[in-house]
Amino acid sequence: MSDTDYRRRGYIEIEELKKLGLIPPKDRLEKGPVAILECPEQIPCNICVPFCPTKAIQMERIIDIPRVDWNKCTGCGVCVAVCPGLAAFVVDLSKPEADYVTLPYEFLPAPVKGDSVVLLNRRSERIGVGEVIRVWERNKTYVVTVKVPKGFGMEVRGIWVERR
Ligand code: SF4
Ligand code: SF4
């Protein structure tokens with residue numbers, strides 16, 4: 001597997017994200033909600049940087065890969081709302097009963113709290129069912145927090161809301 005196989009494949013694997021240094025260390029993941037920016041390309045975008053309320057995202061040049069100072073990150077989800085590439089997520093692996101994933105959603109119908117939704121992995125494969133815990137919206141992007149089975153927090157990167 002080369003470092004850039006994801007370009008040909010069309011999705012990135014967690015091992016590739018780890019190699020790029022984009023996954024927080026285990027102890028930080030277990031501490032509470034934290035942002036993961038799955039943004040490995042050197043593209044001219046830095047919107048997440050000025051919007052982060054704690055200045056946790058660093059980037060020297062606009063084409064750099066954004067780096068999160070995970071100790072400054074509060075898991076607020078603002079980067080999830082503003083990222084035009086839908087590449088920002090917040091995961092919370094700190095709870096014993098379940099994991100929680102906050103992700104962007106731009107389809108209709110919009111999810112609502114209490115919905116049961118299909119969970120998708122990075123390949124867009126269905127891997128289970130989760131429960132919507134919180135939804136807020138910014139500029140037509142829904143920021144959705146989903147309760148997922150324990151152990152799924154690093155796998156779930158999309159949801160699908162069945163038409164009601
Ligand atoms: S979750 Fe909030 S604090 Fe953390 S990097 Fe994103 S915007 Fe910044
Ligand atoms: S806003 Fe999204 S696409 Fe742009 S640099 Fe940040 S994570 Fe990458």
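The questions and answers below concern a predicted model and the terms applied to it.

Q: Why is the contact between E16 and R9 called a salt bridge?
A: A salt bridge requires a side-chain nitrogen of Lys or Arg within 4 Å of a carboxyl oxygen of Asp or Glu. The side chains of E16 and R9 meet with N and O at 2.9 Å, so the pair fits the rule.

Q: Is E16 to be called buried or exposed?
A: Buried means under 20% relative accessible area. E16 has a relative accessible area of 3%, and therefore E16 is buried.

Q: What makes R9 partly exposed?
A: The class covers residues between the cut-off for buried, under 20%, and that for exposed, over 50%. R9 has 23% relative accessibility, so R9 counts as partly exposed.

Q: What makes R123 and E13 a salt bridge?
A: The limit for the nitrogen and the carboxyl oxygen is within 4 Å. In this pair the closest N and O atoms are 3.0 Å apart, so the rule is met.

Q: Why can R123 and E13 be said to tie together parts of the chain?
A: R123 lies in the loop between β6 (116-120) and β7 (126-138), while E13 lies in the loop between α1 (5-9) and α2 (14-19), so the pair ties together parts that are 110 residues apart in sequence.

Q: How do you know that R123 and E13 are partly exposed?
A: Values that are neither under 20% nor over 50% belong to this class. The relative accessible area of R123 is 41%, so R123 is partly exposed. E13, at 23% relative accessibility, therefore also counts as partly exposed.

Q: Why do E162 and R126 count as a salt bridge?
A: The closest N and O atoms of E162 and R126 are 3.6 Å apart. The rule asks for a distance within 4 Å, so the pair qualifies. The pair links distant parts of the chain, with E162 in the segment after β9 (158-160) and R126 in strand β7, 36 residues apart.

Q: Which classes of exposure apply to E162 and R126?
A: E162 has a relative accessible area of 41% and is therefore partly exposed. For R126 the value is 56%; exposed means over 50%, so R126 is exposed.

Q: Which residues are joined into one network by salt bridges that share partners?
A: The network consists of E38, R122 and R157. By the rule for salt bridges, the count comes to twelve.

Q: What makes the shell around ligand 2 nonpolar by class?
A: The residues around ligand 2 are C39, C45, C48, M59, P66, C83 and P84. Cys, Met and Pro count as nonpolar, so the shell has seven nonpolar, no polar and no charged residues. Ligand 2 sits in the largest pocket.

Q: Which classes of residue make up the shell around ligand 1?
A: The shell has nine nonpolar, four polar and no charged residues. It comprises 13 residues, and the closest are C52, C73, C76, G77 and C79. Gly counts as polar, so G77 belongs to the polar class. Ligand 1 sits in the largest cavity.

Q: How do you know that V143 is buried?
A: The cut-off for buried is under 20%. V143 has a relative accessible area of 0%, so V143 is buried. V143 is found in strand β8 (residues 141-148). The C-alpha atoms of V143 and G77 are separated by 7.5 Å, although the two residues are 66 residues apart along the chain.

Terms used:
Residues are numbered from 1 along each chain as its sequence is written. Chains are lettered from A and ligands numbered from 1 in the order in which they are written. This is a predicted model: local features need pLDDT of at least 70, side-chain atom pairs count only at pLDDT 80 or more; totals for chains, interfaces and linings use all residues. Side-chain values use heavy atoms; hydrogens and water are left out. A residue is near a molecule or strand if one of its heavy atoms lies within 4 Å of it. On a 1 Å grid over the protein atoms alone, a cavity is a set of points where a 1.4 Å probe fits but cannot get out, and a pocket is an open set with protein on both sides within 12 Å along at least five of seven lines; lining residues have an atom within 4 Å of a point. A molecule sits in a cavity or pocket if more than half of its atoms lie within 2 Å of its grid points. Buried means under 20% relative accessible area, exposed over 50%, partly exposed in between (1.4 Å probe, protein chains only). Helices (H or I, at least four residues) and strands (E, at least two) are DSSP runs, numbered from the N terminus.
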